[in-house]
Amino acid sequence: MYLVTVLGNLLIILAITSDPRLHTPMYFFLSNLSLADISFISTTIPKMIVNIQSHSRVISYAGCLTQMSTLILFGYMDCTLLTVMAYDRFVAICHPLHYTVIMNPRLCCSLVLVSFCVSLLDSQVHNMIVLQLSCFKNVEISSFFCDPSQLLNLACSDTLKNSIVRYIIGAMSGFIPTSGIFFSYYKILVSILRVPSSGGRYKAFSTCGSHLAVVCLFYGTALGEYLSSALSQSPRKNAAASVMYTVVTPMLNPFVYSLRNWGIKRALWRFLSRTISS
């Protein structure tokens, strides 16, 4: 699954960079999303594979903090990039005549840079919360990666204040991207309903199909992982929910975009044909 994820997302990136017709804002954001997905899954799965092969489940304290920070960084970057892509679809459908002017290369690069900086800030806030913990009553984490909630549960000291701060930050950092996505699609839906013909409405909404599917997949598995950890006390069930969120979602994203997008299909076919012939 790890190899399929890396290969699938890498093919998306190579197909987009090799085809000049795909050098548009939508595909620029998609290539960055694929890069974030590769980084996201690479923070946890290689370490887990090494642990399985070496029959050792040990990770250093510094390694644990590093893994936690990078996981939050690329996980939240996925979230913010999906919001940026929703805004891109909003501009393309609601303001088509001004699309190239609004979504200029400078703005696109700025949006990706802001996504990275906000994600980095979010990861470092979680890191600072964990660094305040003075000791741990146990050193065994009931998961295959370092999760801030798991580390807070192992702390000796009273972590109520830290937990409240973490949940407030989590709620705010989750509310802003989801609000952006809901607002963009509300405007898109209103704009599409004004189109007189059913064919025109279908054509307009079909450009959002892949993005909407990925959004549902991302937030659906994230919500499932959160509910599983909140309602279930079984480490096995929690680990299974974590696998869905950290492994299955990045693996399925390339398939969703390549199966539903003729531009990606055409670019992939040309890239593979050139590679095989050379």
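Colleague: I'd like to learn to read this structure. What is the relative accessible area of phenylalanine 28, and how is that residue classed?

Modeller: Phenylalanine 28 has a relative accessible area of 29%, so it counts as partly exposed. The scale is simple: under 20% is buried, over 50% is exposed, and partly exposed is in between (1.4 Å probe, protein chains only). Phenylalanine 29 has a value of 0%, so it is buried. One caution: this is a predicted model, in which local features need pLDDT of at least 70 and side-chain atom pairs pLDDT 80 or more, while totals for chains, interfaces and linings use all residues. Residues are numbered from 1 along each chain as its sequence is written, and side-chain values use heavy atoms, without hydrogens and water.

Colleague: Those are aromatic residues. How many aromatic pairs does the structure hold?

Modeller: Rings of Phe, Tyr and Trp (its six-membered ring) pair when their centres lie within 6.5 Å; planes under 30 degrees apart are stacked, over 60 edge-to-face, and the rest tilted. The structure holds 5 such pairs. One of them joins phenylalanine 28 to phenylalanine 29, with 5.7 Å from centre to centre and 55° between the planes, a tilted arrangement. Phenylalanine 90 and phenylalanine 183 make another tilted pair, at 6.5 Å centre to centre and 55° between the planes.

Colleague: Which helices hold phenylalanine 90 and phenylalanine 183?

Modeller: Helices (H or I, at least four residues) are DSSP runs, numbered from the N terminus. Phenylalanine 90 sits in helix H4 (residues 61-94) and phenylalanine 183 in helix H8, so their pair ties together parts that are 93 residues apart in sequence. The two rings differ in class: phenylalanine 90 is buried because its relative accessibility is 15%, whereas phenylalanine 183, at 48%, counts as partly exposed. Look for Tyr87 too, since ring pairs link Tyr87, Phe90 and Phe183 into a cluster.

Colleague: Next, the interior. How many residues does the largest nonpolar core have, and which have the most contacts inside it?

Modeller: In soluble globular proteins, nonpolar side chains tend to be buried together. A nonpolar core is a set of buried Ala, Val, Leu, Ile, Met, Phe, Trp, Tyr and Cys residues joined through side-chain atoms within 4.5 Å. Here the largest core has 49 residues, and Leu30 and Ile264 have the most contacts inside it. Helices that each supply at least two of its residues include helix H1 (2-18), helix H2 (25-42), helix H6 (105-131) and helix H12 (262-277). H4 gives the most, with 14 residues. Apart from this core lies another, of 11 residues, among them Ile129, Val130, Leu133 and Leu152.

Colleague: Which residues does isoleucine 264 touch?

Modeller: Contact means heavy atoms within 4.5 Å. Not counting residues up to four places away in sequence, isoleucine 264 touches Ile12, Ile16, Leu22, Tyr27, Leu30, Tyr257 and Ser258. For a polar residue, try serine 119 in helix H6. Serine 119 counts as buried because its relative accessibility is 0%. Its contacts, again leaving aside neighbours within four places in sequence, are Leu73, Tyr76, Met77 and Thr80.

Colleague: And charged residues? How many salt bridges are there?

Modeller: A salt bridge needs a side-chain nitrogen of Lys or Arg within 4 Å of a carboxyl oxygen of Asp or Glu. By this rule there are 2. Arginine 21 meets aspartate 19 at 3.7 Å, N to O, and aspartate 19 is buried, with a relative accessible area of 8%. Aspartate 88 meets arginine 89 at 2.9 Å, N to O. Aspartate 88 is buried at 1%, and arginine 89 is also buried, at 8%.

Colleague: What about the backbone: which phi value does histidine 55 have?

Modeller: Most residues other than glycine have a negative phi. Histidine 55 has a positive phi of about 55° although it is not a glycine. You will find histidine 55 in the loop between helix H3 (45-54) and H4. With a relative accessible area of 75%, histidine 55 is exposed.

Colleague: Last one, for a sense of distance. How far apart in space are leucine 272 and serine 60?

Modeller: They are 42 Å apart, C-alpha to C-alpha, and 212 residues apart in sequence. Leucine 272 belongs to helix H12 and, at 37% relative accessibility, counts as partly exposed.
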